[in-house]
Amino acid sequence: MSLTSDIQAAIITAMKAKDKETLSVLRMTKAAISNKQIELGHDLSDDETLAVLASEVKSRNDSITDFKKGKRQDLVEKTENEIKVLAKYMPVQLTEAELDNLVSQTIQQLNAAGLRDMGKVMGALSAKTKGRADGAKVASLVKTKLGAQ
């Protein structure tokens, strides 16, 4: 069963359970997936669907930062609950230690010697971390490790 089908099934389940919050998040996500399908002109693969989900989570994380600045704890909690709903459909996130290890291994495998090799390292890592780690976090870690060499 595809990820899009899983989300559609969850929408039906949330409707039957009268879970308005979950239903709202899933419908917004389904709309984002549909918009991406229209943009690309074909049904999305699971990887493409994961990219949409990651984008939805990232936008909500950005919103949380803004809500905290505005001292809107009610909106922070609501948005964190939305992220929990989306997290059910995302792959398990890499821990700090796993990510650090993966970056170190990739740098060694590619014999990267400095910041000029960052693009090469990021290209290799993006496939390995897709949907499992925030790209900005990966880039920061790579930059730190390559800058230290």
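Glu 82 sits in helix H4, which covers residues 73-87, in what is a predicted model. Its relative accessibility is 10%, so Glu 82 counts as buried, the limit for that word being under 20%. Once residues up to four places away in sequence are set aside, Glu 82 touches Val 25, Met 28 and Arg 60. Two of these partners, Val 25 and Met 28, belong to helix H2, and Arg 60 belongs to helix H3. Glu 82 therefore leads from H4 to the place where H2 and H3 meet.

Before following that lead, it helps to see the whole chain. The chain has seven helices and zero strands, and its pattern along the sequence reads α-α-α-α-α-α-α. Its C-alpha atoms fill a box of roughly 55 × 40 × 25 Å along the principal axes. There are 149 residues, of which 33% count as buried. Contacts also link parts of the chain that lie apart in sequence: among those between residues at least 6 apart, 57% join residues at least 24 apart.

The next step is the pair of helices that Glu 82 pointed to. Two packed helices are described by the angle between their axes and the distance between the axes. For H2 and H3, the axes come within 10 Å and cross at roughly 125°. With that angle, H2 is oblique to H3. The crossing of H2 and H3 is right-handed. On the H2 side, the contact is made by Val 25, Met 28, Thr 29, Ala 32, Ile 33, Lys 36 and Leu 40, and on the H3 side by Glu 48, Thr 49, Val 52, Leu 53, Glu 56 and Arg 60. Sorted by class, the residues of this contact are seven nonpolar, two polar and four charged.

H2 also holds Gln 37. Is Gln 37 buried or exposed? At 19% relative accessibility, Gln 37 counts as buried, because the limit is under 20%. Apart from its neighbours within four places in sequence, Gln 37 is in contact with His 42, Asp 43 and Leu 44.

Now turn to the nonpolar residues. In soluble globular proteins, nonpolar side chains tend to be buried together. The largest nonpolar core in this model has 22 residues, and the members that touch the most others are Ile 7, Leu 26, Leu 53 and Tyr 89. Helices H1 (3-17), H2 (20-40), H3 (46-69) and H4 are the elements that give two or more residues to this core. Tyr 89 shows how one core member can reach several parts of the chain: leaving aside neighbours within four places, Tyr 89 is in contact with Leu 3, Asp 6, Ile 7, Ala 10, Leu 26, Leu 50 and Leu 53. A second, separate core has 13 residues, among them Leu 99, Leu 102, Ala 112 and Val 138.

Ala 54, in H3, gives another view of residues brought together from separate places in the sequence. Ala 54 and Met 90 are 36 residues apart along the chain, and their C-alpha atoms are separated by 7.7 Å. Ala 54 has a relative accessible area of 27%, so this residue is partly exposed.

Further along the chain is a second pair of helices. Helix H5 (residues 96-110) and helix H7 (residues 135-147) have axes that come within 10 Å and cross at roughly 55°. H5 and H7 are therefore oblique to each other. Their crossing is right-handed. H5 supplies Glu 96, Leu 99, Asp 100, Val 103, Ser 104 and Ile 107 to the contact, while H7 supplies Lys 137, Val 138, Leu 141, Val 142, Lys 145 and Leu 146. The residues in the contact of H5 with H7 comprise seven nonpolar, one polar and four charged. Two of them, Leu 99 and Val 138, are also members of the second core.

Finally, consider two residues in loops. Lys 18 lies in the loop between H1 and H2 and has a positive phi of about 60°, although Lys 18 is not a glycine. Its relative accessibility is 69%, so Lys 18 counts as exposed. Lys 71 lies in the loop between H3 and H4. The phi of Lys 71 is near 55°, again a positive value in a residue other than glycine. Lys 71 is exposed, because its relative accessible area is 74% and the limit for exposed is over 50%.

Notes:
Residues numbered from 1 in each chain as written. Predicted model: local features only at pLDDT ≥ 70, side-chain atom pairs only at ≥ 80, totals over all residues. Heavy atoms only, no water. Helix = DSSP H or I, 4+ residues; strand = E, 2+ residues; numbered from the N terminus. Buried < 20%, exposed > 50% of the residue type's maximum accessible area, 1.4 Å probe, protein only. Contact = heavy atoms within 4.5 Å. Core = buried A, V, L, I, M, F, W, Y, C linked by side-chain atoms within 4.5 Å. Axes fitted to C-alpha atoms, helices over the stretch in contact; angles between N-to-C directions. Parallel < 35°, antiparallel > 145°, perpendicular 65-115°, else oblique. Left-handed = near helix turned anticlockwise from the far one by under 90°. Nonpolar A, V, L, I, M, F, W, Y, C, P; charged D, E, K, R; others polar.
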